[in-house]
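Visitor: I am new to this structure. Please take me through one part of it closely.

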Amino acid sequence: MNELADIQFRRPGRANGTVLIVTIWVVLVLAGLALVFARSMRIAAIVAANHVASLKAESVAAGASEYIMAQLAGDTETTTELMESEPYEAAEIGEDYFWVLRSNLEDDDEFDYGLTDEAGKVNLNSASEEMLLRLPGMTAELAASIIDWRDEDSEISPGGAEDEYYLLLADPYNCKNSALETVDEILLIKGASEELLYGEDTNLNGILDDNENDGDLSDPSDNRNGRLDTGFYDYVTVYSAEANVDSEGNERININDGGARADLQGLLQEILGEERTLEIMNLIPTRPSYANILDFYFMSGLKFEEFTQIADRLTTSDEETMPGVVNVNAASKEVLMCLPGLEERDADTLLTYRQGSDEIGSIAWVTNVLDPDKAIGIGSYITVRSFQYSADIVCLSGNGRAYKRYKAVFDTQNGVPQVVYWKSLTHSGWPLNRRIVAALRKGQPLTNTILNMK
Ligand SMILES: [Ca+2]
Ligand SMILES: [Ca+2]
Ligand SMILES: [Ca+2]
Ligand SMILES: [Ca+2]
């Protein structure tokens, strides 16, 4: 009985044991699978959330671009209004943010925001070799090679380079023999380097970042001197150009064209009356050859107040477009010093005068600061108008999970602003204070304290 009971008892017991073991295994496997699924679902959820954040940052960039174009299309009387930084710092679009970052040329510790006036820069396509040579850090080799790169001929200028040089490179290409289309294109030209163009500021934020002040410890190589040694990137453009028409869009009178004498007389009469017009017309030779309108001003005997009323209506060129004239009202000191014949103190006086003056509506104002020779020397290279602006747009999703950065250039020459350049700078890393990202990730609001932190 006992034995039987034992057997009867044991048999199912053995089966139960096997089932138990199998069940435990199944449970273990299922639990493992559940864990794997949970983990991969969590990863998938994070990936999806990041993807959404990334798409949001991307659409913020498009929105920021639209906003800038609307600003440029508005009735902004002076460029200064567009240049103001306030609307471009942590601007909100829905729950996301954007900044328009611009290099602070005076302080490498302080961010600056706003649009950049491309007409306030030296145009690589129209500047003379002498002007190029005056750019900070420019070498004789690169200046000569830029001239050869953009001129149509294949004659090598001293120090320059044409096909002979480029075709012998390990990765050969032709000398372009036409205008540069982007500023970065300069890196294809003999003698150019990222070091000359960007200097130590390889992430292009105008700030001395830790890796830009640690020698060779991390990229880029720098001199560890506690200052941001920049290249000439912020002083050059390829976009500046303006139509050779007055501010109303009317054709100008070419004062060097003998056939336009009657037009000039008519204009003078309109502004100055019969008697004064005759006095001035008598001083104008029948075959005039003024270097530019400032030359005309000094030779004509016009008073400053008289000349400023007509300066915008005059030209000495038959060209329809004037590429690369520098806006003297917007140029930085470094750019002013690139203008032919100007020294540092001339640039300083120009800067001081333009800050306090309301006479800067025509290029005539430079004659109040510079002696006639110097004023005439730069007269062909300057303007007081701007039609091209660039923006370094930094976008951040409201949860701090994704950012995008784009360099954009807008051209307003046709009345309606157009994007003529759009390039991602996202790869160069988050350019602003990291605490901004950290705060948003923790769900904290972007207070002024966080925004102004160093
Ligand atoms: Ca050439
Ligand atoms: Ca930097
Ligand atoms: Ca470094
Ligand atoms: Ca340095």
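Visitor: Which residues are buried in α9?

Guide: A word first: this is a predicted model. In α9, the buried residues are I293, L294, D295, F296, Y297 and S300. The helix spans residues 293–300, and 6 of its 8 residues are buried, so α9 is largely enclosed by the rest of the structure.

What does the covering? Among the elements over those buried residues are α8 (274–281) and α10 (304–310). Strand β9 (314–315) and helix α13 (372–379) are also included. Just after α9 comes G301. Its phi is positive, near 80°.

Now follow one of the covering elements, α8. It packs with helix α7, residues 261–272. The angle is about 140°, and the axes lie 8 Å apart. That makes α7 oblique to α8, because angles over 145 degrees would be needed for roughly antiparallel. The crossing of α7 past α8 is right-handed. On the α7 side, the contacts come from Q265, L268, Q269 and L272. They meet E274, R276, T277, I280 and M281 in α8.

Step back to the wider interior. In soluble globular proteins, nonpolar side chains tend to be buried together. Here the largest nonpolar core has 94 residues. V122, V326, I393 and C395 have the most contacts inside it. This core draws at least three residues from domain 1 (136–236), and at least three from domain 2 (245–318 + 341–380).

Take V326 from that core. Leaving out residues up to four places away in sequence, V326 touches A119, G120 and V122. It also touches A331, V335, L339, Y381, I382 and T383.

Methods
Residues numbered from 1 in each chain as written. Chains lettered and ligands numbered in written order. Predicted model: local features only at pLDDT ≥ 70, side-chain atom pairs only at ≥ 80, totals over all residues. Buried ≥ 20, exposed ≤ 12 C-beta atoms within 10 Å, placed from the backbone. Helix = DSSP H or I, 4+ residues; strand = E, 2+ residues; numbered from the N terminus. Contact = placed C-beta atoms within 7 Å. Core = buried A, V, L, I, M, F, W, Y, C linked by C-beta atoms within 7 Å. Domains from an automatic or database assignment. Axes fitted to C-alpha atoms, helices over the stretch in contact; angles between N-to-C directions. Parallel < 35°, antiparallel > 145°, perpendicular 65-115°, else oblique. Left-handed = near helix turned anticlockwise from the far one by under 90°.
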